[in-house]
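Student: I am new to this structure and would like a close look at one part of it. Could you pick a residue in the core and walk me outward from there?

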Amino acid sequence: MQIIPTLNFGGNCREATHMYEKAFHGKISCLITYGEANDSEYNPLLKENQKEYIYHSELVLSNQRIIMSDHVDIEFQTCYSNFLTIMFDTKEEVQQAYEIMQTELPKKEKAEPKKQRARQRKKVAI
């Protein structure tokens, strides 16, 4: 039996897939857009820009596969209760991955978790 983590995105799956590939020394084994998939269930629902959203992607890290995709049929909300932990052998590898992710991550997304944590702390303090 295998457990395969699946990550869902709201339109930035392509960027995340490439960033994770670079930061974690992975290999993209599959990257299909909604337009390429030509799924008759989704095609009528797609806005023009969503045709370039990722229908299915697979990233292989060592022997572990991670599946990722963009959602087009539901309103996407960021979830702060799920985590995926990547373990490295050395401190240098951790620092290198961190630096890549800080460089590649859009500024808006870097700041958002800090705001969310601040809101959570306020709720707890009340």
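Tutor: Let's start with L59. Setting aside neighbours within four places in sequence, L59 is in contact with T17, Y20, E21, G26, K27, I28, Q64, R65, I66 and M68. Keep in mind that this is a predicted model, and everything below is read from it.

L59 belongs to the largest nonpolar core, which has 15 residues; F9, Y20, F24, L59 and M68 are the members that touch the most others. Two of these, Y20 and M68, also appear among the contacts of L59. Four elements, α1, β3 (54-61), β4 and α3 (91-104), each supply at least two residues of this core. The largest share, 5 residues, comes from α1. A second core, separate from this one, has 5 residues, including Y42, L46, Y53 and V72.

It helps to place these elements in the whole chain. The chain has 4 helices and 4 strands, and from the N terminus they follow the order β-α-β-α-β-β-α-α. Of the 126 residues, 25% count as buried. If we take the contacts with a separation of 6 or more, 61% of them join residues 24 or more positions apart.

Now move to strand β4 (residues 64-70), where S69 lies. Is S69 buried or exposed? Its relative accessible area is 13%, and because the cut-off for buried is under 20%, S69 counts as buried. Its side chain makes a polar contact with the side chain of N8, at 3.5 Å. Beyond its neighbours within four places in sequence, S69 is in contact with L7, N8, F9, C13, I54, Y55 and H56. One of these, F9, is among the core residues that touch the most other members.

From here we can step to G11, in the loop between β1 (6-9) and α1 (13-23). G11 has a relative accessibility of 25%, so this residue counts as partly exposed. Once neighbours within four places in sequence are left aside, G11 is in contact with Y53 and D70. Y53 is one of the residues of the second core. G11 and H71 are 60 residues apart in sequence, yet their C-alpha atoms are 7.2 Å apart in space.

Next comes the loop between β3 and β4, which holds S62. S62 is not a glycine, although its phi is positive, at about 55°. With a relative accessible area of 70%, S62 is exposed. A similar case to look at is N38, in the loop between α2 (34-37) and β3. N38 is not a glycine either, and its phi is positive, at about 50°. Its relative accessible area of 54% makes N38 exposed.

S62 also leads us to a pocket. Which residues line the second largest pocket? They are F24, H25, L61, S62, I86, M87, F88, D89 and E93. F24 therefore has two roles in our tour: this residue lines the pocket and is one of the core members that touch the most others. The volume of the second largest pocket is about 200 Å³. By class, its lining has 5 nonpolar, 2 polar and 2 charged residues.

Terms used
Residues are numbered from 1 along each chain as its sequence is written. This is a predicted model: local features need pLDDT of at least 70, side-chain atom pairs count only at pLDDT 80 or more; totals for chains, interfaces and linings use all residues. Side-chain values use heavy atoms; hydrogens and water are left out. On a 1 Å grid over the protein atoms alone, a cavity is a set of points where a 1.4 Å probe fits but cannot get out, and a pocket is an open set with protein on both sides within 12 Å along at least five of seven lines; lining residues have an atom within 4 Å of a point. Grid points are joined across faces, edges and corners, and a volume is the space filled by probe spheres set on the points. Ala, Val, Leu, Ile, Met, Phe, Trp, Tyr, Cys and Pro count as nonpolar, Asp, Glu, Lys and Arg as charged, and the others, Gly among them, as polar. Buried means under 20% relative accessible area, exposed over 50%, partly exposed in between (1.4 Å probe, protein chains only). Contact means heavy atoms within 4.5 Å. A polar contact is a pair of N or O atoms within 3.5 Å; within protein, one must be able to donate a hydrogen and the other to accept it, and residues adjacent in sequence count only if both atoms are side-chain atoms. A nonpolar core is a set of buried Ala, Val, Leu, Ile, Met, Phe, Trp, Tyr and Cys residues joined through side-chain atoms within 4.5 Å.
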